[in-house]
Amino acid sequence: MGANIEYSPVIGLEIHVQLSTKSKLFCSCSTDYIGAEPNSNTCPVCLGLPGSLPVLNKKALEYALKIALGLNCKINNFTRFHRKNYFYPDLPKAYQISQYDIPLAEKGKVELLTKNGEKTIRITRAHMEEDAGKLVHPTKTGRLEGATYSLVDYNRAGVPLVEIVTEPDISSPQEAKEFVSLLRQLVRYLGVSDGDMEKGSLRVDANISVRLPDGTTTNKTEVKNLNSLKALEKALEYEFKRQVKLVKEGKEIIRETRHWDDKKEETFGMRSKEQVHDYRYFPEPDLLPIIIPQEMIQQAEKDLPELPWEAKQRLKDNYNLNDEEIHVLTERAELLNYFDQVIKHGADPHKAASWIKSELLGLANEKGKPVWELGISPENFAELLNLHEKKEISTPIAKELLTKIIETQKTPSQLIKELGLKQLDDEDLLQRLAQKVISENPKTVEQYKKGKTKSLNFLVGQIMKETKGRANPQKVREILIKTIENPE
Ligand code: ZN
Ligand code: MN
């Protein structure tokens, strides 16, 4: 954004995280709605039928509490639900049970590592609420555009959400992306949501305004429908440019909700933004306030797993891995756990990190499975790395063994024995092979002698081929040089 130093974006986010509880927030209906028969996971409570009464799901409260603690929020021991009134076809009660004046948690903060160093993003609040149903548009794209009617599926109605609101502390689209990515990592580490943006488990709305050279800010707009990190970044870049253009033309920025069109890569106005008083919030009369005992908070605090930023610090402190490796290893808690297990089984941390990054992630990509589900146990992987470290197997053999382990589930040493893959270190044999290759390739030898050192690679390759990759390439190289320089 170098071209607009005098204008800068001011961004705040509202993120809805779907909790991965088995049942809904106020009834026992299943939350597993993906692929389910429409309206099959419903009951009088989540359909909002008269006379039905909601009952709070304790697990959802525990999960929400974990998120709040992970975000360093102050927990309100006394909290309650409100009705947020608005009519929409996917909201059968014509109100959403949400939280208003006393949310579960407030005043948190997250340290975000940006390219300009650490930066604190303040969390305004984190509250619980229920999800709405889903409108289904019978068009090819599934979008409203061109539909002559719409269907409604209430399977999602009542699924527990935590809404997280940040202060407008984010100062670039890139930072917004990094924040959401960190938040997604957090909920995954906490085991409270799959954080999958494509499935809608994590949904982002972004507020953006422009800070002017005199320090004041314009009206903000809210961009909805951001269902990927890329969309979030692009939409904010677009919206910032649009607002700056309006400012420069002396036009007013209308306070409104805008939609992001992923195909056209632009935002468009939807409706003027509701004011809080439009919702006619009032305390939910069917639910008692929640009093959270101090012990419950302390217990939840104790039960918190290692958080992403703690894991990063640990890898740096304990193993002095580089930033890139740390980034890769901590991306998913499962991968970090895999790495930890490999180290426990005696592998060198640097070697393990670099092999996971290059080889295992490569294989994972190829097989379309995460590393921890590839079928290479941490124990087998550690053994393989150690055999390679001791030079009992060459690099190409070690790589080949990875595939063999997946296929057979046998240990590296078993496979080496069965397939006769142990590294060839026999000097006499390598010497004989070197002589053979030298006499068979006089031209290449001549080139090498003339100073074309790369020609040696070809000769090494010939011996590796001859030994089916079992020779120690370093040794082969040494023997070749010696033999060429001192022919017998
Ligand atoms: Zn239900
Ligand atoms: Mn909400």
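**Entry 1. Manganese site**

I looked up H16 first and found it buried, as is E129; buried denotes under 20% relative accessible area, exposed over 50%, and partly exposed the range in between, with a 1.4 Å probe and protein chains only. I note that this is a predicted model, in which local features need pLDDT of at least 70, side-chain atom pairs count only at pLDDT 80 or more, and totals for chains, interfaces and linings use all residues. Residues are numbered from 1 along each chain as its sequence is written, chains are lettered from A and ligands numbered from 1 in the order in which they are written, and side-chain values use heavy atoms, with hydrogens and water left out.

Which residues coordinate the manganese ion (ligand 2)? I recorded H16 through NE2, and E129 and E163 each through OE, at 2.0 to 2.2 Å. Donors are N, O and S atoms within 2.8 Å of the metal (3.2 Å for Na, K and Ca); water is not among the atoms, so sites may look incomplete. The sequence spacing of the donor residues reads H-x112-E-x33-E. H16 belongs to strand β1 (residues 8-18) and E129 to strand β7 (residues 117-130), so that the pair links distant parts of the chain, 113 residues apart. Helices (H or I, at least four residues) and strands (E, at least two) are DSSP runs numbered from the N terminus.

**Entry 2. E175**

I located E175 in helix α2 (residues 173-190). E175 counts as buried because its relative accessibility is 8%. Its side chain reaches the backbone nitrogen of S171 at 3.1 Å. Setting aside residues up to four places away in sequence, E175 touches L112, T114, K119, I121, D169 and I170; contact means heavy atoms within 4.5 Å.

**Entry 3. T221**

I placed T221 in strand β12 (residues 221-226). Is T221 buried or exposed? T221 is buried, because its relative accessibility is 1%. I found a polar contact between the side chains of T221 and Q243 at 3.0 Å. A polar contact is a pair of N or O atoms within 3.5 Å; within protein, one must be able to donate a hydrogen and the other to accept it, and residues adjacent in sequence count only if both atoms are side-chain atoms. Beyond residues up to four places away in sequence, T221 touches several others, including A206, I208, R242, Q243 and I254.

**Entry 4. Cysteines**

How many disulfides does a search of the whole structure find? The search finds zero, a disulfide being a pair of cysteine sulfur atoms within 2.5 Å. I then examined C27, which lies in the loop between β1 and α1. C27 is buried, with a relative accessible area of 13%. Leaving aside neighbours within four places in sequence, I found C27 in contact with C43, V45, C46 and V55. Of these partners, C43 is buried at 19% relative accessible area, and C46 counts as buried at 5%. As a long-range check, I noted that the C-alpha atoms of C27 and L419 are separated by 58 Å, the residues being 392 apart along the chain.

**Entry 5. Loop residues**

I checked two non-glycine residues with positive phi. N72 has a phi of about 55° and lies in the loop between α1 (58-70) and β2 (74-75). N72 is partly exposed, with a relative accessible area of 43%. E265 also has a phi of about 55°, and is found in the loop between β13 (256-261) and β14 (266-272). E265 is partly exposed, with a relative accessible area of 36%.

K391 sits in the loop between α9 (378-389) and α10 (395-408). K391 is partly exposed at 48% relative accessible area. I found that K391 touches Q423, D425 and N472, not counting residues up to four places away in sequence. The C-alpha atoms of K391 and T120 are separated by 47 Å, with their positions 271 residues apart along the chain.

**Entry 6. Whole chain**

I counted 15 helices and 16 strands in the protein. The radius of gyration is 30 Å, whereas a compact globule of 488 residues would have one near 23 Å; the value is taken over C-alpha atoms, and the globule rule is 2.2 Å times the number of residues to the power 0.38. The C-alpha trace spans about 95 × 55 × 50 Å along its principal axes. Buried residues make up 47% of the 488 residues. Among contacts between residues at least 6 apart in sequence, 69% join residues at least 24 apart.
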